[in-house]
Amino acid sequence: MDNYEDYPAGDPIPEPSAFYGELIQFLTESRGMRQTAKSSLKQSLYAGGGALVGGVILGPVGGLIGGVAGSVVGFLKSDNYDGIVLHLSKLETQQQRFLIAEVGKILMNAGARTEQLQSTETFRDTIYNYAEKDSVRNEMWKACLNAVSS
C-alpha cells in the first residue's frame, strides 16, 4: 500500500483531504454510485422472494403485499452494517492517499490528463465526466472496495 511509484506521470501525490472530499461527495451525490452502494443482495432476495410468493398466491396485490413483507423480513434479518461511503469517510490518511492514487490511475488510464487531476475542481469534473463510462465507474468502485477491505 506504500508503493506510489506508478502514480500518474510520476507526479507528487496530492494531499488527500481536498481530493478525498471531492471523491466522497461524488460517491454520495452520484445517482449510479448511490444505487450501487445501496444494493444489498440479502435484503433484495427477501423482498423479491416475498413479492414472488405473494404474486403467485394473490396476483398483483399479493405481489405488493409480499414485497413489502419480504422487505421488512430482509431488514429485520440483515446485519447492522455501514455503507461504503461511511467506511470511506473513516479511512486513515495513508489509506486516503492510496485510494486517491488508485482513482487517479484509473482516470489516467481512461484518458484523463495530468492537469485534470491537479485541483479539486478539475478532479471533481474529471470524476463526473469519466464515471459516465461503466468501465471507469466499475474500476473506481473496485478501488473503493479495496481501500475499505485493506
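A residue counts as partly exposed when its relative accessible area lies between the buried range, under 20%, and the exposed range, over 50%. Keep that cut-off at hand for the exercises below, which work through a predicted model.

**Exercise 1. Classify Arg113 and its salt-bridge partner by accessibility.**

Step 1. Arg113 has a relative accessible area of 48%. Because this value falls between the two limits, Arg113 is partly exposed.

Step 2. Now find the partner: the side chain of Arg113 meets that of Glu115 in a salt bridge, with 2.7 Å from N to O.

Step 3. Glu115 has 46% relative accessibility, so Glu115 counts as partly exposed too.

**Exercise 2. Describe the fold of the protein chain and say how confident the prediction is.**

Step 1. Start with the elements. The protein chain has eight helices and zero strands, so reading from the N terminus gives α-α-α-α-α-α-α-α.

Step 2. Look at how the chain contacts itself. Taking contacts between residues at least 6 apart in sequence, 67% join residues at least 24 apart.

Step 3. Turn to burial and surface. The chain has 150 residues, and 36% of them count as buried. Its accessible surface is about 8,900 Å², with 56% belonging to carbon and sulfur atoms.

Step 4. Check the confidence. The mean pLDDT of the chain is 79, and 74% of the residues reach 70 or more. Among the elements, helix H4 has the highest mean pLDDT, 92, while helix H2 (residues 31-38) has the lowest, 52.

**Exercise 3. Which helices supply at least two residues each to the nonpolar surface patch?**

Step 1. List the members. The patch is made by Leu52, Val53, Val56, Ile57, Leu58, Val61, Leu64, Ile65, Val68, Val72, Phe75 and Leu76, and covers about 1,300 Å².

Step 2. Match the numbers to the helices. Helix H3 spans 41-58 and helix H4 spans 60-77, and each of these supplies at least two residues of the patch.

Step 3. Compare the shares. H4 gives the largest one, with seven residues; Val68, for example, is found in H4.

Step 4. Set this beside a general tendency. In soluble globular proteins, nonpolar side chains tend to be buried together. The next exercise turns to the buried side chains.

**Exercise 4. Find the largest nonpolar core and explore the contacts of Phe123.**

Step 1. The largest nonpolar core has 24 residues. The members with the most contacts inside this core are Leu88, Leu99, Leu107, Phe123 and Met140.

Step 2. Assign the core to helices. At least two residues each come from H1 (16-29), H5 (84-89), H6 (93-109), H7 (120-130) and H8 (134-149). H8 gives the most, with six residues.

Step 3. Follow Phe123. Leaving out residues up to four places away in sequence, Phe123 touches Phe19, Glu22, Leu23, Ile100, Val103, Leu107, Gln116 and Leu117. One of these, Leu107, is also among the core residues with the most contacts.

**Exercise 5. Are Ala112 and Gln96 buried or exposed, and what lies across from them?**

Step 1. Place Ala112 in the loop between H6 and H7. Its relative accessible area is 7%, so Ala112 is buried.

Step 2. List its contacts. Beyond neighbours within four places in sequence, Ala112 is in contact with Leu107, Thr126 and Tyr130. The C-alpha atoms of Ala112 and Ile127 are separated by 9.4 Å, with their positions 15 residues apart along the chain.

Step 3. Place Gln96 in helix H6. With a relative accessible area of 12%, Gln96 is buried.

Step 4. Compare sequence and space. Gln96 and Ala147 are 51 residues apart in sequence, yet their C-alpha atoms are 8.0 Å apart.

**Exercise 6. How many salt bridges does the structure hold, and where do Arg137 and Asp134 lie?**

Step 1. The structure holds five salt bridges.

Step 2. One of them joins the side chains of Arg137 and Asp134, at 2.1 Å from N to O. Both residues lie in helix H8, three residues apart, which is about one turn of the helix. Asp134 has a relative accessible area of 47%, so Asp134 is partly exposed.

Step 3. Another salt bridge pairs Asp125 with Arg124, whose closest N and O atoms are 3.9 Å apart. Asp125 is partly exposed at 40% relative accessibility, and Arg124 is partly exposed at 25%.

Conventions:
Residues numbered from 1 in each chain as written. Predicted model: local features only at pLDDT ≥ 70, side-chain atom pairs only at ≥ 80, totals over all residues. Heavy atoms only, no water. Helix = DSSP H or I, 4+ residues; strand = E, 2+ residues; numbered from the N terminus. Buried < 20%, exposed > 50% of the residue type's maximum accessible area, 1.4 Å probe, protein only. Contact = heavy atoms within 4.5 Å. Areas by Shrake-Rupley, 256 points an atom, 1.4 Å probe, with all protein chains shown as cover. Patch = residues over 30% accessible without salt bridge, like charges linked within 9 Å, V, L, I, M, F, W, Y side chains within 5 Å. Salt bridge = Lys/Arg side-chain N within 4 Å of Asp/Glu carboxyl O. Core = buried A, V, L, I, M, F, W, Y, C linked by side-chain atoms within 4.5 Å. pLDDT = per-residue confidence, 0-100.
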